[in-house]
Amino acid sequence: AAANIGVVGMAVMGSNLARNLASREGNTVAVFNRSPERTRTLVGEHPEAGFVATESYDEFVASLAKPRTAVIMVQAGKGTDAVISELVSRFEPGDIIVDGGNANFLDTIRREKEISPSGIHFVGAGISGGEEGALKGPSIMPGGSAESYETLGPILSSIAAIAEGEPCVTHVGTDGAGHFVKMVHNGIEYADMQLIAEAYDLIRQGTGKSPAEIADIFAEWNTGELESYLIEITAEVLRQTDAATGQPLVDVILDQAGAKGTGAWTVQNALDLGVPVSGIAEAVFARSLSSRPAQRAAARDLPGPSGDWRPDDEDAFVEDVRRALYASKIIAYSQGFDEIVAGAEQFGWEIKKGDIAKIWRAGCIIRARFLNRIADAYSDDPELVVLVSAPYFRDAVAGTQDSWRRVVAAAAYAGIPTPAFSSSLAYYDGLRAPRLPAALVQGQRDFFGAHTYKRVDKPGVFHTLWSGDRTEIETSPSSH
Ligand code: 6PG
């Protein structure tokens with residue numbers, strides 16, 4: 001037994017994570033892949049890593065020092081269960097199995113429940129940062145037992161990204177907490193990407209600027225409060241020219257966005273939890289709409305706005321879009337954190353919101369200067385009820401909301417689809433409204449289904465006898 005940690009699954013993420021682990025002082029990494037060619041290639045290409053190459057589960061498990069630690073990096077789904085059962089049948093109490101894939105947290109909860117009676121620790125860990133992050137330092141969101149984190153914490157800290165001197169890893173909570181938080185990370189990622197895409201579309205359609213010119217705008221934005229990985233790569237993508245046609249690459253990419261499911265999970269769980277993550281939902285739906293070519297073809301001739309819309313002042317419009325993007329982004333993150341709070345309550349996790357903001361500051365796809373502000377907001381007030389109400393964000397919205405409203409109005413007028421911008425603004429206005437028309441909805445529900453309502457002026461539950469004399473009755477004794 002020569003290795004202190006092992007990695008199963010030598011696709012790009014697994015290989016890169018194994019190389020990252022191997023590059024840290026004191027680590028010897030055992031590697032295994034179902035088809036041994038991949039392992040041989042990796043080990044051949046990276047002799048400096050000193051990998052222990054193995055070609056069977058028996059060999060892999062035998063190569064690990066006890067207590068054993070193995071990280072599974074295979075595509076989430078059935079494959080994960082198969083690998084887990086191979087390891088569980090060979091592991092002993094005290095050993096640790098980490099699932100570093102994008103597993104559904106409900107699967108992680110189930111797996112942990114099945115495995116923990118054996119004394120083996122099962123840890124679902126969200127790992128963000130794509131291929132480069134896995135190699136150079138990802139943001140890591142481990143769940144599982146606190147006991148397993150005593151062993152895992154130092155190893156994961158050594159390979160994680162560093163933000164202001166702190167490694168981007170924390171014990172998120174028990175069982176599926178890590179994969180839950182990774183799921184919400186991805187939901188926010190979807191919203192952020194959609195918002196950026198809408199900003200691009202508004203500027204392109206509104207001003208006729210070329211993708212390369214818009215790339216310059218994004219690069220400029222990346223020097224200010226919007227500074228983030230996603231803004232940075234947006235500039236790179238927009239600047240790219242297609243070698244075959246000489247066109248901007250963005251103009252030759254088919255406009256149908258794919259998805260592997262984590263965004264949809266975020267929304268599905270938010271629906272179950274009753275948390276309005278409208279920005280994330282619109283981002284998921286925008287991808288769905290884009291990927292329905294038959295419907296889009298059938299709708300191509302539908303009427304749009306009659307007049308041509310152009311901003312009076314292009315520079316002012318671009319600045320409005322920037323501010324609207326910032327405001328909408330605040331809402332997307334605020335909604336994501338709401339879901340984390342609701343999930344923690346539902347599943348019994350103690351998740352520290354400030355710690356999550358901190359481990360997202362570097363390494364992950366949504367890393368951004370902005371995350372420092374969120375971390376600050378939660379450190380100033382750990383019980384903050386809704387992120388957008390923190391003083392910094394309240395001021396930020398105060399300074400941007402006129403722009404936000406102008407942009408959403410202009411988009412509607414011009415017929416440019418901005419589902420994420422528009423829904424974020426609607427959410428914001430709904431949230432701050434002193435009275436909502438939900439009162440009328442309650443009245444309608446009571447009318448057709450005797451679903452009852454509460455009153456603003458006294459406790460109790462009431463029903464109006466709509467099909468009788470329309471007097472009001474109290475349907476359950478009021479509690480004072
Ligand atoms: C990350 C990414 C990563 C992956 C997503 C993309 O945090 O490193 O989120 O997990 O890129 O799965 O998701 P879609 O393919 O659904 O866009």
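Helices and strands are here DSSP runs, of at least four and at least two residues respectively, numbered from the N terminus. In these terms Asn27 belongs to the loop that connects helix H1 (12–22) with strand E2 (29–32). The model under discussion is a predicted one, and every value quoted below is computed from it.

Asn27 has a relative accessible area of 13%. Because buried means under 20% relative accessible area, Asn27 counts as buried, although its place is in a loop. Asn27 also serves to relate two separated parts of the chain: between its C-alpha atom and that of Trp466 there are 74 Å, with 439 residues separating the two along the chain.

Helix H1, which precedes the loop of Asn27, also takes part in enclosing internal space. The count of cavities of 30 Å³ or more comes to 1, and the largest cavity holds about 50 Å³ of space. Its lining consists of Ile5, Leu17, Leu21, Val71, Val98, Ile127, Leu152, Ile155, Leu156 and Ile159. H1 and helix H7 (146–159) each contribute at least two residues to this lining, and H7 gives the most, with 4 residues. In class the lining of the largest cavity is nonpolar throughout: it has 10 nonpolar residues, no polar residues and no charged residues.

One of the residues that line the largest cavity is Val71. Strand E4 (69–72) is preceded by a loop that begins after helix H3 (57–62), and Pro67 lies in that loop. The peptide bond joining Lys66 and Pro67 is cis, with omega at about -10 degrees.

Further along the chain, attention turns to the packing of helices. Helix H8 (residues 177–207) packs with helix H15 (residues 314–347) at an angle of about 165 degrees, and their axes are 10 Å apart. Angles over 145 degrees count as roughly antiparallel, and H8 and H15 are therefore roughly antiparallel to each other. Their crossing is right-handed. The residues of this contact comprise 18 nonpolar, 5 polar and 4 charged.

A second pair of helices can be described in similar terms. Helix H13 (residues 278–290) and helix H19 (residues 419–432) cross at roughly 160 degrees, and their axes come within 8 Å. By the cut-off of 145 degrees, H13 and H19 are therefore roughly antiparallel to each other. The crossing in which H13 passes H19 is right-handed.

Helix H12 (residues 262–273) offers a contrast in accessibility between two of its residues. Asn269 lies in helix H12 and is buried, with a relative accessible area of 8%. Leu271 also lies in helix H12, but at 65% relative accessibility Leu271 counts as exposed, because the exposed class begins over 50%. The polar residue of this pair is thus the buried one, whereas the nonpolar residue is exposed. The C-alpha atom of Asn269 is separated by 9.6 Å from that of Val184, a residue 85 positions away along the chain. For Leu271 and Ala62, which are 209 residues apart in sequence, the C-alpha to C-alpha distance is 45 Å.

Beyond helix H15, the model contains an open feature of another kind. The second largest pocket holds about 240 Å³ of space. Glu350, Ile351, Lys352, Lys353, Gly354, Asp355, Lys358, Ala375, Tyr378, Ser379, Pro382 and Glu383 line this pocket. Helix H16 (353–359) and helix H17 (370–380) each supply at least two residues of the lining, and H16 gives the most, with 4 residues. By class, the lining of the second largest pocket has 6 charged, 4 nonpolar and 2 polar residues, whereas the lining of the largest cavity has no charged residues.

Towards the end of the account comes the loop between helix H20 (438–449) and strand E10 (461–464), in which Ala450 is found. Ala450 has a phi near 50 degrees, a positive value in a residue other than glycine. With a relative accessible area of 43%, Ala450 is partly exposed. Thr452 lies in the loop between H20 and E10 as well, and Thr452 likewise has a positive phi, of about 70 degrees, although it is not a glycine.

Notes
Residues are numbered from 1 along each chain as its sequence is written. This is a predicted model: local features need pLDDT of at least 70, side-chain atom pairs count only at pLDDT 80 or more; totals for chains, interfaces and linings use all residues. Side-chain values use heavy atoms; hydrogens and water are left out. Axes are lines fitted to C-alpha atoms, for helices over the stretch in contact, and angles run from 0 to 180 degrees between N-to-C directions. Angles under 35 degrees count as roughly parallel, over 145 as roughly antiparallel, 65 to 115 as roughly perpendicular and the rest as oblique. A crossing is left-handed if the near helix is turned anticlockwise from the far one by less than a right angle, and right-handed if clockwise. On a 1 Å grid over the protein atoms alone, a cavity is a set of points where a 1.4 Å probe fits but cannot get out, and a pocket is an open set with protein on both sides within 12 Å along at least five of seven lines; lining residues have an atom within 4 Å of a point. Grid points are joined across faces, edges and corners, and a volume is the space filled by probe spheres set on the points. Buried means under 20% relative accessible area, exposed over 50%, partly exposed in between (1.4 Å probe, protein chains only).
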